[in-house]
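Let's walk through this fold together, one question at a time. Have a look at the chain first.

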Amino acid sequence: MFSLRIVLLSLCQCGAMFSYSVNAAAVEQLTDPTRPANYQAVAAANGGLSSLKLEQIVSSASRRFAVIDGQKVKIGQQVGQYEIVDIQPKEVLLRQSDGTDIRLTLFTHIKK
């Protein structure tokens, strides 16, 4: 009886480890369910800047920042080769070192 419990316990542990490895692989393939359906097309339409993804903007009287490619940034900070010049409620203005301005916008595909 004792050895049967040990065998069953071992089988349960192995099953749990196998289940975890299968679930971990499945999680890597999941996409954000709140992401707009044409998210990639919108990102590529921003001057070919598909590598920069504007994810969030917080703009209030007391604070203003954006999240670009998972990095929280404020005015004056750098994102790659771009400097954050301005943050508005629906867009972020970036400037390259040559003076070229780039606008990243949230929800450009939504029309009223």
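A contact here means heavy atoms within 4.5 Å. Keep in mind that this is a predicted model.

Q: What percentage of the contacts with a separation of 6 or more joins residues 24 or more positions apart?
A: Start with the contacts in the protein chain that have a separation of 6 or more. Among these, the share from residues 24 or more positions apart is 28%.

Q: Which pattern does the protein chain follow along the sequence?
A: The chain has two helices and seven strands to place. Reading along the sequence gives α-α-β-β-β-β-β-β-β.

Q: Which strand gives the largest share of the largest nonpolar core?
A: That core holds 15 residues, and Leu54, Ile68, Ile84, Val92 and Leu94 have the most contacts inside it. Strands E1 (54-59), E2 (64-68), E5 (82-87), E6 (91-96) and E7 (101-105) each put in at least two residues. The largest share is three residues, and it comes from E5.

Q: Why is one side of E1 and of E3 left without a neighbour in the sheet?
A: The open sheet runs in the order E1-E2-E3, with antiparallel pairing. E1 and E3 (71-73) each have a single partner strand, so one side of each has no neighbour in the sheet, because both stand at the edges.

Q: Which residue in E3 does Ala66 stand opposite?
A: E2 and E3 pair in the antiparallel sense, over three bridges. Opposite Ala66, in E3, you'll find Val73.

Q: What percentage of the residues is buried?
A: Buried means under 20% relative accessible area. Of the 112 residues in the protein chain, the buried ones make up 22%.

Methods. Residues numbered from 1 in each chain as written. Predicted model: local features only at pLDDT ≥ 70, side-chain atom pairs only at ≥ 80, totals over all residues. Heavy atoms only, no water. Helix = DSSP H or I, 4+ residues; strand = E, 2+ residues; numbered from the N terminus. Buried < 20%, exposed > 50% of the residue type's maximum accessible area, 1.4 Å probe, protein only. Core = buried A, V, L, I, M, F, W, Y, C linked by side-chain atoms within 4.5 Å. Pairing = 2+ DSSP bridges.
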